[in-house]
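Visitor: I'd like to talk through the charged pairs and the cysteines in this one. Can we take a look?

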Amino acid sequence: MEIMNCTVLEFECIGMDNGGKFPMEYTGRGQNISPEFVMKNLSPNAKTLAVTLEDLSHPIKDFTHWLIWNIPAADRIRENIPAGKAVPILGNARQGIGYGLHRYAGPKPPKGKKHTYRFTVYSLDCEINMSASSMKRNFLKKAEGHIIQKGSIVGEFE
């Protein structure tokens with residue numbers, strides 16, 4: 001799916017450089033907590049944010065580990081977002097279905113295998129109304145025409 005009229009969202013994933021290694025605490029072999037994200041150029045027109053984590057090395061193309069949407073637009077997304085279909089501490093943001101069922105699920109490739117993972121942060125001009133049973137493809141379809149900015153950071157873990 002092509003996203004039209006979308007500018008680059010620059011952001012930092014605290015503790016991880018783009019192209020670097022995942023910090024252990026953000027992996028399935030560590031504390032398995034979601035990292036903090038800091039937006040660098042968030043549009044003043046952004047109403048909500050969404051985040052996906054995908055395993056780019058998985059046999060299933062761009063295998064989704066995490067999907068969260070309807071985070072109130074802000075310069076920071078806190079770390080350690082709790083599990084649940086709705087996240088009250090984030091304005092009832094919604095977590096969908098991925099490897100992490102309504103929760104963050106960090107990297108945990110087979111022992112001895114290096115996988116590449118991608119965080120993507122989207123800024124949108126609205127809230128997305130869809131079931132917490134939704135997957136990334138559902139989110140992208142509903143978000144079409146509402147994504148203002150999009151940015152990605154990749155990291156490796158073995």
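Guide: Sure, and one term before we start: a residue is called buried when its relative accessible area is under 20%, exposed when it is over 50%, and partly exposed in between. Keep in mind that this is a predicted model.

Visitor: How many salt bridges does a search of the whole structure find?
Guide: Side chains of opposite charge can pair when their charged atoms come close. Here the cut-off is a Lys or Arg side-chain nitrogen within 4 Å of an Asp or Glu carboxyl oxygen. Run over the whole structure, the search comes back with 7.

Visitor: Which residue forms a salt bridge with Lys-136?
Guide: Look for a carboxylate partner in strand β5, since Lys-136 itself sits in helix α1 (residues 136–143) and the pair ties together parts that are 82 residues apart in sequence. The closest N and O atoms are 2.3 Å apart, and the partner is Glu-54.

Visitor: Is Lys-136 buried or exposed?
Guide: Buried takes a relative accessible area under 20%. Glu-54 falls in that class, and Lys-136 does too: buried.

Visitor: Which residue meets Asp-62 in a salt bridge?
Guide: Asp-62 is in the loop between β5 and β6 (63–72), and its partner is in strand β10 (residues 115–124), so this pair ties together parts 56 residues apart in sequence. That partner counts as partly exposed, at 22% relative accessibility. The N to O distance is 3.7 Å, and the residue is Arg-118.

Visitor: Which residues do salt bridges with shared partners join into one network?
Guide: We've already met Lys-136 with Glu-54, and Asp-62 with Arg-118. Shared partners join these with one further lysine, giving Glu-54, Lys-61, Asp-62, Arg-118 and Lys-136.

Visitor: How far apart are the closest N and O atoms of Lys-40 and Glu-12?
Guide: Lys-40 is in the loop between β4 (37–39) and β5 (48–55), while Glu-12 is in strand β2 (residues 11–13), 28 residues away along the chain. Glu-12 is partly exposed, with a relative accessible area of 32%. The closest N and O atoms are separated by 3.1 Å.

Visitor: On to the cysteines: how many disulfides does the search find?
Guide: A pair needs its sulfur atoms within 2.5 Å. For Cys-6, the nearest cysteine sulfur belongs to Cys-126, 13 Å away. For Cys-13, the nearest is that of Cys-6, 19 Å away. The count over the whole structure is 0.

Visitor: Is Cys-13 buried or exposed?
Guide: Cys-6 is partly exposed, at 26% relative accessible area. Cys-13 has 1% relative accessibility, so it counts as buried.

Conventions. Residues are numbered from 1 along each chain as its sequence is written. This is a predicted model: local features need pLDDT of at least 70, side-chain atom pairs count only at pLDDT 80 or more; totals for chains, interfaces and linings use all residues. Side-chain values use heavy atoms; hydrogens and water are left out. Helices (H or I, at least four residues) and strands (E, at least two) are DSSP runs, numbered from the N terminus. Buried means under 20% relative accessible area, exposed over 50%, partly exposed in between (1.4 Å probe, protein chains only).
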